[in-house]
Amino acid sequence: MAVHLQKELDKIKKRILALGALVEERVHLAAKAIESKDSELCERIIRQDHDVDEMEVEIEEECLKILALHQPVAIDLRFIIAVIKINNDLERIGDQAVNIAQRVAFMATRRPYEFAFDYSTMAEKSQDMLRKSLDALVNFDLDLAFKVMTLDDEVDRLKDDAYDRIKAEIQKHPDRVGYLINMLLVSRHLERLADHATNIAEEVVYLVEGEIVRHGNF
Amino acid sequence: MSQTTEAVKIPDPGSERPLKMASEHLNFFYGDFEALHDVNLEFYENEVTALIGPSGCGKSTYLRCLNRMNDLIPISRVEGKILLDGDDIYAPDVDVVSLRSRIGMVFQKPNPFPKTIFENIAYGMKVNGLRKKSEIEARVEQSLLQAALWDEVKDRLDDTALGLSGGQQQRLCIARALAVEPEVLLMDEPCSALDPIATQKIEELIHQLKELYTIIIVTHNMQQAARVSDITAFFYLGKLIEIGVTDTLFTRPKLKQTEDYITGRFG
């Protein structure tokens, strides 16, 4: 029975990593879309989201099956619980990529505007957090997981910066408020994405240590 | 008393119950073979302690040391102490029969006497010298009630106990153990011969009985240990390896060895 369970766990691990890779790619495309304002690319991101959704459901079903059939304990139990939560976070990250694509698609339909907030640093940092959180999961790497948690503060600062600058711009050009709100929302989506990467890192800490470190509880 | 065990102990911050039993530096030998090595364990009132470990790890041997059942094996030898309410049960002046009425035992296979249901329960009381019929009857009823069997057998107390189902026979054996009003109840894989429904009944019973007794249970069924016990002790090769609050031991054991066993990675 242990061999059988081990096979199932290996399968789940492969699938959650495959989902991670897929979501990483979506986020990468969304970051590209922010820069290029390519509406076709935005369409593609929106259209392909159901792949992520389908995979998420499949992984959850597999996890529930293992819980029901094997009643895992200790590290196996923590692994399944962590995967169920990480699975959810990855799906939500996929949603944030779609949200970004929708904002950019909206902005692309409006007349060009000379003011632009440079999102490249924020997008890079968010992607870096996602990559590191998944690496921490693969390698059960506690140090890396804790590092992701500290990186979240930098993304939050960049979001506050975007807020201040876009707010000032709205005051200067109230006629472009729709465009600017969409621009502001991009920062919100990137920040949420980074939050989900932080959640993944926290789940990795639970997986390795058995300690719940959410809500700054570390 | 301080915990002297070398085993890794997960602290139990919630436990403020009085100490009921303890073993101190317990070694046990079958001839030259040392089946238990330096086992230090404490059992608190109204707690259920589960002893787990692979076959041959000494958990049943340990359980049987606790009411001197191993005395029946001629080549066996005990070193160290087992304390019940602070007194050594292996002291020379201890009367083993009265000790066993304080520490009851339920075995793996239901073993009712080939007598009526009533006599099975009344037997121990009679051995202990109880003669008053009304009192015996009251205690038979009370024991069967406590063992959650009364409703099923109250109309056929004079039928043979061998006509009961396996699950009923096991509850009868629990009732028989309870009839002599023990303080500690030892259970050696009490559900291993039972189907899932009978098992569930016994597990529910354990939950109820711990309000009144200190319970120590040996089980091969890890899920059962997780469900019924407050404390779990893991034995391996005659040694106590890790002991701790059951919830913690099954979610994040401290030792790799414990984790490997409970996740089925060795054994």
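**Briefing on chains A and B**

Among the contacts in chain A between residues at least 6 apart in sequence, 81% join residues at least 24 apart. The model is a predicted one, and chain A is described in it by seven helices and zero strands. In chain B, four strands form an open sheet, and twelve residues of chain B are in contact with eleven residues of chain A.

**Chain A as a whole**

- Read from the N terminus on, the elements of chain A run α-α-α-α-α-α-α.
- The C-alpha trace of chain A spans about 65 × 35 × 20 Å along its principal axes, and buried residues account for 39% of the 218 residues in the chain.
- A compact globule of 218 residues would have a radius of gyration near 17 Å, and the 19 Å of chain A agrees with that value.

**Helix H3 of chain A**

- Helix H3 of chain A covers residues 49-70, and its 22 residues reach 32 Å from the first C-alpha to the last, close to the 32 Å expected at 1.5 Å a residue.
- The buried residues of H3(A) are Val52(A), Met55(A), Glu56(A), Ile59(A), Glu62(A), Cys63(A) and Ile66(A), a list in which Glu56(A) and Glu62(A) appear beside Val52(A) and Ile59(A).
- These buried residues lie on the same side of H3(A), because they cover an arc of only 130° around the axis.
- The buried residues of H3(A) pack against two other helices of chain A, namely helix H1 (2-36) and helix H4 (74-109).
- On the face of H3(A) turned away from the buried side are the exposed residues His50(A), Asp53(A), Glu54(A), Val57(A), Glu61(A), Leu64(A), Lys65(A), Ala68(A) and Leu69(A).
- After H3(A) comes Gln71(A), whose phi is positive, near 40°.

**The open sheet of chain B**

- The four strands of the open sheet follow the order E3-E2-E5-E6 in chain B, and their pairing is antiparallel.
- Strand E3 (33-44) and strand E6 (87-88) of chain B are the edge strands, since each of them pairs on one side only.
- Strand E2 (residues 19-30) and strand E5 (residues 76-84) of chain B pair in the antiparallel sense over eight bridges, and Glu24(B) stands opposite Lys81(B) in E5(B).

**Helix H7 of chain B**

- Helix H7 of chain B covers residues 196-209, and its 14 residues should span 20 Å at 1.5 Å a residue, which agrees with the 20 Å between its end C-alpha atoms.
- Ile202(B), Leu205(B), Ile206(B) and Leu209(B) are buried in H7(B), and they lie on the same side of the helix because they cover an arc of only 105° around its axis.
- The buried residues of H7(B) pack against strand E4 (48-52), helix H4 (133-146), helix H6 (166-179), strand E8 (184-188), strand E9 (214-218) and H8 of chain B.
- The face of H7(B) turned away from its buried side carries the exposed residues Pro196(B), Ile197(B), His207(B) and Gln208(B).

**Where chain B touches chain A**

- The contact between the chains involves twelve residues of chain B and eleven residues of chain A.
- On the side of chain B that touches chain A, helix H8 (222-228), helix H9 (246-251) and helix H10 (256-262) of chain B each supply at least two residues, and H8(B) gives the most, with three residues.
- By residue type, that side of chain B divides into five nonpolar, four polar and three charged residues.

Note on methods
Residues numbered from 1 in each chain as written. Chains lettered and ligands numbered in written order. Predicted model: local features only at pLDDT ≥ 70, side-chain atom pairs only at ≥ 80, totals over all residues. Contact = placed C-beta atoms within 7 Å. Nonpolar A, V, L, I, M, F, W, Y, C, P; charged D, E, K, R; others polar. Expected span 1.5 Å × (residues − 1). Buried ≥ 20, exposed ≤ 12 C-beta atoms within 10 Å, placed from the backbone. Arc of directions from axis to C-beta. Rg over C-alpha atoms; globule rule 2.2 N^0.38 Å. Pairing = 2+ DSSP bridges.
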